[in-house]
Amino acid sequence: MSNYRITELDFDNIKTNLKRFLSNYRDGNNDLVFSDYDFDASGLSVLLDLLAYNTHYNAYLANMVANEMFLDSAVKRQSTVSLAKHLGYTPLSVRSAKAKISFTVKNVPNSPGSLTLGRYTPFTTEINGQSYTFLNLNSIIIKPEGQEYVFNDVEIVEGEYLTYSYRVELSGPSQKYSIPNKNVDTSTIKVTVRNSLQDTTTATFTLATDFAALNSQSQVYFLQENASGFYEIYFGSGSIGKSPVPGNIVLIEYLISNGPICNVSSNIDQYFTLGSSVGGGVVDTAILASSNSTGGEFEDSIEEIKFKAPRFLSSYNRAVTADDYKSLIETNYPLVESVSVWGGETNDPPKYGKVMISLKPYLGYTINTETKSRIENDILSNRKMLTTIPEFVDPDYLYVSINCTAKFNPNGTNRTTTDLQNGITGTIQKYFALDLQKFNKSFIYSKLSNLIDKTDTSIVGNSSVITLQKRITIPTNIQTGYSIKFANSLTSGTLKSTAFEYLYNGSILTVYMQDDLTKSSDGVVSLYDFYTNAVIYQNIGNINYKTGLLTIPKINVFGYLQNATDIRISSKPTEFDINSSRDTILILDDTKVDSLSGRNSGLTILVLESI
Amino acid sequence: MPTVNTNRKFRDIDLSFRINPFTKDLYTKTDEEAVKTALKNLILTKNFERKFHPEIGTQVQSLLFENNSPAVLIAMDRTIRESIERFEPRVRIVDLQINETQDPNELLVYLVFSFKNVDNPITLTTTLTRVR
């Protein structure tokens, strides 16, 4: 028996084992009972196929069951959700976009002493040609200001309002109340329990968040995603959380959301239209949003659940360490691509009692003020230590310009040089998107060079000139000072800015900044005339090549050229690799050529035939 | 690849799974009968019918649903020959004829084979009929 292997999982190996068994199986006369197992056409082979298939089937099933038992290897959503439940993590549902509007109601009949905006009042808006409804979740009562009623900063939430009710059959947590809709924004769920069909006395239940604080009278409900992918609520056992009794009516109100489709950039004006009358008064037909709709998100994917659940457990839903802050923000605000958190005491300059948070969104460069306050109030305020104040710092972007020259063997490909240029451009953009564009992610020259070589088999080699760029937006006509951190050592004689307007001796000149090598002291930065290259103003600032710190004590920018809104200062690093830091993100320079303001292309690819 | 020993006694189970009334065991088929059964199994097995081994079998079943023509008979001859040469290493084909019968929905396979290294022709005749 020791010759028989039982660890095989493949069909053919299992069948070989069965054949080996039969080859040794003899009757009382020491004759082989069967001998045709070797031949595929034999009847015995059919039987062996059946046995091997059955064994393989069971082995595969056992393997799949084992996979689904662990968070790392689970592939089915219901398994992942169930395993995340062990870690105390409920998958984040789709989230509705929220906007703020202010509007005035005029000519209200009888001029009442107060006016109520009922909850779930619909406001419609058009996004990309499609109409969407936003609702206010709570009623608002205001007093008149003269003859007008002004509703200020009313928060409205995108979604379709739905309700579902159940009659309680069983007390306790075993009775689940499923919400039979997909795309439910669970943050909008309201649960009320009515005594009975006849008795209209109701009690409001809220989502349980702090298990330790619950007692038999706590009116809370618990939330989970069930095996079918629907959210369901359930109540406490009676000792931990109040339990409705048979005959009660459970009413669940919620919004069905369209998620991030309803996020609107802050750069455009968003208008809303009131869908019903408020007190019979008159409201402007187009209400300009004081804050555009943002914050809409998709529900957690399986991969996101696997990523977030262990981190959620490690922070225990408390914001104490820097990793806790990171975990909480990543868990509750998925639109952020990268989070960096550090203590204020290690900041430069130190800010004691503060936690510094820097966020990079997937879209755009910075997070708007509304979102920052939402993260602070909704995610952090109840979980952070009392004396610690979060402070948001916008990421410090360091742009990397690349001038790449690649050589290729024309006999090794049928692709044109334009094809190869496009291929290399794609490779560089992919490298930045996947490996950089996050905090603490450094640029490694050799890695990029290797990837460029692999873009096509005909490419025989490449070399790139790397330039670093910082962008500053200086308010015009205000004298101000600046410190600009390149955070990498720089090569002397390579610092140069794009052009801008400068008021000098009563006339407006077009100038640029450059390190002045004519001065005896190293690192002096002067202003030069853009057209004549004559020195206009010597020693306007200083550059420390070792630390990469450019200091401009005072400068008064009169204006920008063309459509430019910033000054771009470039310099070549001394090293091939570029370092990033906790608040710095390396990003590919997207500058387009503009000779009028002295801008060079951020990405230049030259493809030459190899000799 | 299995080796063929001509001194060896071939013994296979009978797929009818009938019980021998004397031994109370399964009927077995030996030598010539075992190989004949194996050949019939092979001819009537459709490609993709055997799990993990789609190559075992012939296209006879699907050809039976084609319009009756000389080309179909040639294709059937080829698929049976190729399959036997590949999966039944014990035999050598001496003659293979596929003939029409009076029933237009039926073909007669006349196969003459011999064990390799044994010059003793054995004849297998079987009919192929559509079952639906």
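**Close-ups of a predicted two-chain model**

**View 1. A bridge pair in a chain A sheet.** Start with Ser340(A): its bridge partner in β18(A) is Ser358(A). This is a predicted model, so read each view as a computed picture. The strands around that pair are β17(A) and β18(A), the latter covering residues 354–361, and they run antiparallel with 7 bridges between them. Helix α5 of chain A, residues 322–332, packs on this sheet and touches both β17 and β18 of chain A. The helix direction makes about 155° with that of β17(A).

**View 2. The whole chain A sheet, edge to edge.** Zoom out a little and you get 3 strands in an open sheet, ordered β17-β18-β19 in chain A, with mixed pairing. Why is one side of β17 and of β19 in chain A left without a neighbour in the sheet? Both β17 (336–343) and β19 (389–392) sit at the edges with a single partner strand each, so one side of each has no neighbour there. From one strand to the next, the twist averages 25°.

**View 3. Where chain B meets chain A.** Here 25 residues of chain B are in contact with 21 residues of chain A. The two chains bury about 2000 Å² between them, and 58% of that is on carbon and sulfur atoms. On the polar side of things, 10 residue pairs make polar contacts across the interface, both residues being at pLDDT 80 or more. On chain B's side, the elements giving two or more residues are β1 (11–13) and α1 (31–44) of chain B. The largest share, 4 residues, comes from α1(B). Sorted by class, that side of chain B has 13 nonpolar, 4 polar and 8 charged residues.

**View 4. A salt bridge between the chains.** How many salt bridges does the rule find across the interface of chain B and chain A? The count is 2. Shown here is the meeting of the Arg90(B) and Asp36(A) side chains, at 3.0 Å from N to O.

**View 5. The antiparallel sheet of chain B and its helices.** Another open sheet of 3 strands appears in chain B, in the order β3-β4-β5, with antiparallel pairing. Its edge strands are β3 (91–100) and β5 (122–129) of chain B, each pairing on one side only. The twist averages 20° from one strand to the next. Strand β4(B), residues 106–115, is joined to β5(B) by 8 bridges, and Leu107(B) stands opposite Leu128(B) in β5(B). Helix α1(B) packs on the sheet, touching β3, β4 and β5 of chain B, with its direction at about 30° to that of β5(B). Helix α3(B), residues 70–87, also touches β3, β4 and β5 of chain B; its direction makes about 160° with that of β3(B).

Notes. Residues numbered from 1 in each chain as written. Chains lettered and ligands numbered in written order. Predicted model: local features only at pLDDT ≥ 70, side-chain atom pairs only at ≥ 80, totals over all residues. Heavy atoms only, no water. Pairing = 2+ DSSP bridges. Axes fitted to C-alpha atoms, helices over the stretch in contact; angles between N-to-C directions. Contact = heavy atoms within 4.5 Å. Buried area = accessible area lost by both parts, 1.4 Å probe. Salt bridge = Lys/Arg side-chain N within 4 Å of Asp/Glu carboxyl O. Polar contact = N/O pair within 3.5 Å; in protein donor to acceptor, adjacent residues only side chain to side chain. Nonpolar A, V, L, I, M, F, W, Y, C, P; charged D, E, K, R; others polar.
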